[in-house]
Amino acid sequence: MKSQSNAIAIQILDKEYMIACPEEEREALMQSAKYLDERMKETRDGGRVLGTERMAVMTALNIVHEYLRQEDAKEESERVVSESIERLREKIGSVLGRRREEERVD
């Protein structure tokens, strides 16, 4: 069953926006809005970007870039862990194989 959405007010760059959001996602939306507001203010205060629309685009690009770098790092970590697990499996298999051979000899 789909939960009912209620409008909540969020603040970004001192402007209020009403956003429809299911109750169970409200906290995540509030955190997202706070993060976006902080990042937009950083972009604005950096003085490199003129205009709200351009500032929003530059902030979005920066956030997506960071996200993609984190995803790449996560994938690399997962690859390293998978390789380590495979090496451990091979070692365990080798030890168990030798042990079985030793038991047959006895």
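Is Asp14 buried or exposed? In this predicted model, Asp14 is exposed, with a relative accessible area of 60%. That residue is a handy way into the structure, but the overall picture comes first.

Taken as a whole, the chain contains 2 helices and 2 strands. Walking along the sequence, the order of these elements is β-β-α-α. The chain is more spread out than a compact globule, because its radius of gyration is 26 Å, well over the 13 Å that the globule rule gives for 106 residues. A box drawn along the principal axes to hold the C-alpha atoms comes to roughly 80 × 45 × 15 Å.

What about burial and surface? Just 13% of the 106 residues count as buried. The chain exposes about 9100 Å², and 53% of that area is supplied by carbon and sulfur atoms. As for contacts with a separation of 6 or more, 25% of them in the chain involve residues 24 or more positions apart. Charges are part of the picture too: the chain carries 19 positive and 24 negative ones, and the mean positions of the two sets are 2 Å apart.

Next come the strands. Strand S1 covers residues 5–12 and strand S2 covers residues 15–22. The two run antiparallel, joined by 8 bridges. Two of these pairings can be picked out by name. Ile8 has Ile19 as its bridge partner in S2, while Ala7 has Ala20 as its bridge partner in S2. In a regular strand, side chains alternate between the two faces of the sheet.

Ala7 deserves a second look. This residue lies in strand S1, and with a relative accessible area of 52% it is exposed. The cut-off matters here: exposed means over 50% relative accessible area, so Ala7 at 52% makes the grade. Setting aside its neighbours within four places in sequence, Ala7 is in contact with Met18, Ile19 and Ala20. Ala20 therefore turns up twice for Ala7, as a contact and as its bridge partner in S2. Further along the chain, Arg26 sits 19 residues away from Ala7, and the C-alpha atoms of the two are separated by 9.6 Å.

Now back to the turn between the strands. The hairpin of S1 and S2 has 2 residues between the strands. Leu13 lies in this loop, and Asp14 is found there as well. Most residues other than glycine have a negative phi. Leu13, however, has a positive phi of about 50 degrees although it is not a glycine. Asp14 also has a positive phi, of about 65 degrees, and is not a glycine either.

Where the two loop residues part ways is in how much of each is accessible. Leu13 is buried, with a relative accessible area of 17%, whereas Asp14 is exposed at 60%. Buried means under 20% relative accessible area, so the 17% of Leu13 puts it in that class. The loop between S1 and S2 thus holds one buried residue, Leu13, and one exposed residue, Asp14.

Technical notes:
Residues numbered from 1 in each chain as written. Predicted model: local features only at pLDDT ≥ 70, side-chain atom pairs only at ≥ 80, totals over all residues. Heavy atoms only, no water. Helix = DSSP H or I, 4+ residues; strand = E, 2+ residues; numbered from the N terminus. Rg over C-alpha atoms; globule rule 2.2 N^0.38 Å. Buried < 20%, exposed > 50% of the residue type's maximum accessible area, 1.4 Å probe, protein only. Contact = heavy atoms within 4.5 Å. Areas by Shrake-Rupley, 256 points an atom, 1.4 Å probe, with all protein chains shown as cover. Lys, Arg positive; Asp, Glu negative; His and termini not counted. Charge placed at Lys NZ, Arg CZ, Asp CG, Glu CD.
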